[in-house]
Amino acid sequence: MRSHLFAHCVIWRYFRVFNQRFLYMILPIVAYGAPVLRKVCKDITPDFPKLTKLIDDMWETMYASNGVGLAAPQVNHEIRLFIIDSLQVFENQDEEDKGKFKDEPGVKRVFINAHIKQLNGQPWSYNEGCLSIPKIREDVVRPEEVTIEYLDEDFQPKTETFVGITSRIIQHEYDHIEGKLFIDYLKPLRKKMLSGKLNDISKGKLKLDYKMMYSK
Ligand SMILES: [Zn+2]
């Protein structure tokens with residue numbers, strides 16, 4: 001019986017390794033201009049088809065494209081789901097930035113059916129980018145703290161307050177499930193100056209090191 005159990009564990013372990021290597025998929029990222037990026041996304045229930053697989057694929061996709069967050073509409077799902085990993089920010093930060101942010105060492109989280117309850121604190125500016133809007137980075141002002149209600153990947157309800165870079169990433173990803181993009185915060189003149197670049201992105205004219213999906 002014991003050896004049977006051992007064999008089972010070994011097989012399971014190999015299956016998991018195999019799974020990680022071959023079964024998770026890198027999904028194409030929806031490019032600026034697609035209508036799905038402008039939708040207010042809907043809450044989901046635990047029986048949402050293949051949710052675990054979708055979340056695993058989103059992690060795979062986010063890491064493959066060097067992102068720190070990814071929202072479901074960016075992989076063409078109109079649902080209130082996003083993932084973030086701010087641990088990476090602190091792992092890769094410059095010596096001079098050490099101790100600058102209060103949320104060190106960061107968090108890795110799945111947010112399902114998230115709803116922001118409160119935004120507090122001193123607004124601050126940070127240079128943001130977005131996997132759906134490649135090669136554009138702009139300073140965006142956002143409040144310091146976010147209090148958010150959400151379900152974790154086991155559908156357990158949580159209410160948490162985040163600060164620092166983690167709060168910044170959460171607010172950026174949360175905007176995605178509300179159909180908003182970081183360029184919406186730019187002054188009209190600045191946005192006008194970027195319109196050529198944005199047009200190129202939506203038409204797939206950029207050379208990128210990750211796969212994108214374009215609307216016709
Ligand atoms: Zn984004």
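These legends walk you through several close-up views of one predicted protein model.

The model is predicted, so local features need pLDDT of at least 70 and side-chain atom pairs count only at pLDDT 80 or more, while totals for chains, interfaces and linings use all residues. Residues are numbered from 1 along each chain as its sequence is written.

**View 1. The whole chain, with its 5 helices and 9 strands.** Helices (H or I, at least four residues) and strands (E, at least two) are DSSP runs, numbered from the N terminus. Starting at that end, the elements follow the order α-β-α-β-β-α-β-β-β-β-β-α-α-β. Of the 216 residues in the protein chain, 27% count as buried. Here a residue is buried if 20 or more other C-beta atoms lie within 10 Å of its own, exposed if 12 or fewer, and partly exposed in between, with C-beta atoms placed from the backbone. Two residues are in contact if their C-beta atoms, placed from the backbone, lie within 7 Å. Among contacts between residues at least 6 apart in sequence, 69% join residues at least 24 apart.

**View 2. An open sheet of 5 strands, in the order E2-E3-E4-E7-E8.** The pairing is antiparallel, and two strands pair if DSSP finds at least two bridges between them. Which strands stand at the edges? They are E2 and E8 (157–162), each with a single partner strand, so one side of each has no neighbour in the sheet. Neighbouring strands are turned by 40 degrees against each other on average, direction ignored. Helix H2 packs on this sheet and touches E2, E3 and E4, and its direction makes about 45 degrees with that of E3. For these angles, axes are lines fitted to C-alpha atoms, for helices over the stretch in contact, and angles run from 0 to 180 degrees between N-to-C directions.

**View 3. Strand E3 (residues 81–85), with 5 of its 5 residues buried.** Leu81, Ile83 and Asp85 point one way from the strand, and Phe82 and Ile84 point the other way. E3 pairs with E2 (residues 69–71) in the antiparallel sense over 3 bridges. It also runs antiparallel to E4 (residues 108–120), joined to that strand by 5 bridges. Look for Phe82 here: Ala71 stands opposite Phe82, and in E4 the bridge partner of Phe82 is Phe111.

**View 4. Helix H2 and its buried side.** H2 has 14 residues and reaches 20 Å from its first C-alpha to its last, close to the 20 Å expected at 1.5 Å a residue. That expected span is 1.5 Å times one less than the number of residues. Met58, Thr61 and Met62 are buried in H2. They cover an arc of only 95 degrees around the axis, which puts them on the same side of the helix; the arc is that of the directions from the helix axis to the C-beta atoms. An α-helix has 3.6 residues a turn, so residues three or four places apart point the same way. The buried residues of H2 pack against E1, E2 and E3. On the face turned away from the buried side, you will find the exposed residues Thr52 and Lys53. Just after H2, Asn66 takes a positive phi of about 60 degrees.

**View 5. The largest nonpolar core, with 37 residues.** A nonpolar core is a set of buried Ala, Val, Leu, Ile, Met, Phe, Trp, Tyr and Cys residues joined through C-beta atoms within 7 Å. The residues with the most contacts inside this core are Leu70, Ala72, Phe82, Ile170 and Ile177. Elements that give two or more residues to the core include E1 (29–30), E6 (133–142) and E7 (145–151). Helix H4 gives the most, with 5 residues.

**View 6. Helix H4 (164–177), with 13 of its 14 residues buried.** That burial means H4 is largely enclosed by the rest of the structure. The helix reaches 21 Å from its first C-alpha to its last, close to the 20 Å expected at 1.5 Å a residue. After H4 comes Gly179, whose phi is positive, near 80 degrees.

**View 7. Ile170 and Ile177 with their contacts.** Ile170 is found in H4 and counts as buried, with 25 C-beta neighbours inside 10 Å. Leaving out residues up to four places away in sequence, Ile170 touches Ile84, Val146, Ile148 and Phe162. The C-alpha atoms of Ile170 and Gly69 are separated by 7.9 Å, although these residues are 101 residues apart along the chain. With neighbours within four places in sequence left aside, the contacts of Ile177 include Cys41, Arg80, Phe82 and Ala114.
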